[in-house]
Amino acid sequence: MQLIKANHKIKCEMGVCKNIATYSIKMDRVGIRSQIHVCESCLNELYKLIGESVIPKSVETAKKKGA
C-alpha cells in the first residue's frame, strides 16, 4: 500500500466530502479500483481514528546473554 500525491484534479471519495483530493491511497493486488482519492482533512481525520484504535507494541528491553 502506498500514499502518493494526487496528480489529477478529482473529488475526495470519503463519504459525502466534496473537497478536491490531494492524496491517493494506492493498494496492491486490486482490480480496476486500485486507488482511493482523499483530501487532506479526511486523511487527517482517518489518521486520528487509526491512532486511537491501533496502539503499537512496546519494545522489550535488551537482556544480556549468559547472565
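## Report on a predicted three-stranded structure

Apart from neighbours within four places in sequence, His37 is in contact with Ile10, Lys11, Cys12, Glu13, Met14, Ala21, Tyr23 and Ser24. The model described here is a predicted one. His37 has its place in strand 3. The side chain of this residue also makes a polar contact with the side chain of Ser24, at 2.9 Å. With a relative accessibility of 13%, His37 counts as buried, because buried means under 20% relative accessible area.

**The sheet**

Strand 3 belongs to an open sheet of three strands, arranged in the order 1-2-3 with antiparallel pairing. Strand 1 (2-5) and strand 3 (35-38) are the edge strands, each of which pairs on one side only. On average, and ignoring direction, neighbouring strands of this sheet are turned by 25° against each other. In general, the strands of a sheet pair through backbone hydrogen bonds, in either a parallel or an antiparallel manner. Here, strand 2 (residues 23-26) and strand 3 run antiparallel and are joined by four bridges. Within strand 3, Ile36 is the bridge partner of Ile25.

Leu3 is found in strand 1. Not counting residues up to four places away in sequence, Leu3 touches Tyr23, Ser24, Ile25 and Leu43. Leu3 and Tyr23 are 20 residues apart along the chain, and their C-alpha atoms are separated by 6.8 Å.

**The helix and the nonpolar core**

Helix 1 (residues 40-53) lies across strand 1, strand 2 and strand 3, and runs at about 105° to strand 3. Nonpolar side chains tend to be buried together in soluble globular proteins. In this model, the largest nonpolar core has eight residues, namely Cys12, Cys17, Tyr23, Ile25, Val38, Cys39, Cys42 and Leu43. Strand 2 and helix 1 are the elements that give two or more residues to this core.

Cys12, one of the core residues, has contacts with Cys17, Asn19, Ala21, His37, Val38, Cys39 and Cys42, its neighbours within four places in sequence being left aside.

**Elements by residue range**

The table lists the helix and the strands with their residue ranges.

| Element | Residues |
|---|---|
| Strand 1 | residues 2-5 |
| Strand 2 | residues 23-26 |
| Strand 3 | residues 35-38 |
| Helix 1 | residues 40-53 |

Taken together, the antiparallel sheet, the helix lying across its strands and the eight-residue nonpolar core outline the predicted model.

Key: Residues are numbered from 1 along each chain as its sequence is written. This is a predicted model: local features need pLDDT of at least 70, side-chain atom pairs count only at pLDDT 80 or more; totals for chains, interfaces and linings use all residues. Side-chain values use heavy atoms; hydrogens and water are left out. Two strands pair if DSSP finds at least two bridges between them. Axes are lines fitted to C-alpha atoms, for helices over the stretch in contact, and angles run from 0 to 180 degrees between N-to-C directions. Contact means heavy atoms within 4.5 Å. A nonpolar core is a set of buried Ala, Val, Leu, Ile, Met, Phe, Trp, Tyr and Cys residues joined through side-chain atoms within 4.5 Å. Buried means under 20% relative accessible area, exposed over 50%, partly exposed in between (1.4 Å probe, protein chains only). A polar contact is a pair of N or O atoms within 3.5 Å; within protein, one must be able to donate a hydrogen and the other to accept it, and residues adjacent in sequence count only if both atoms are side-chain atoms.
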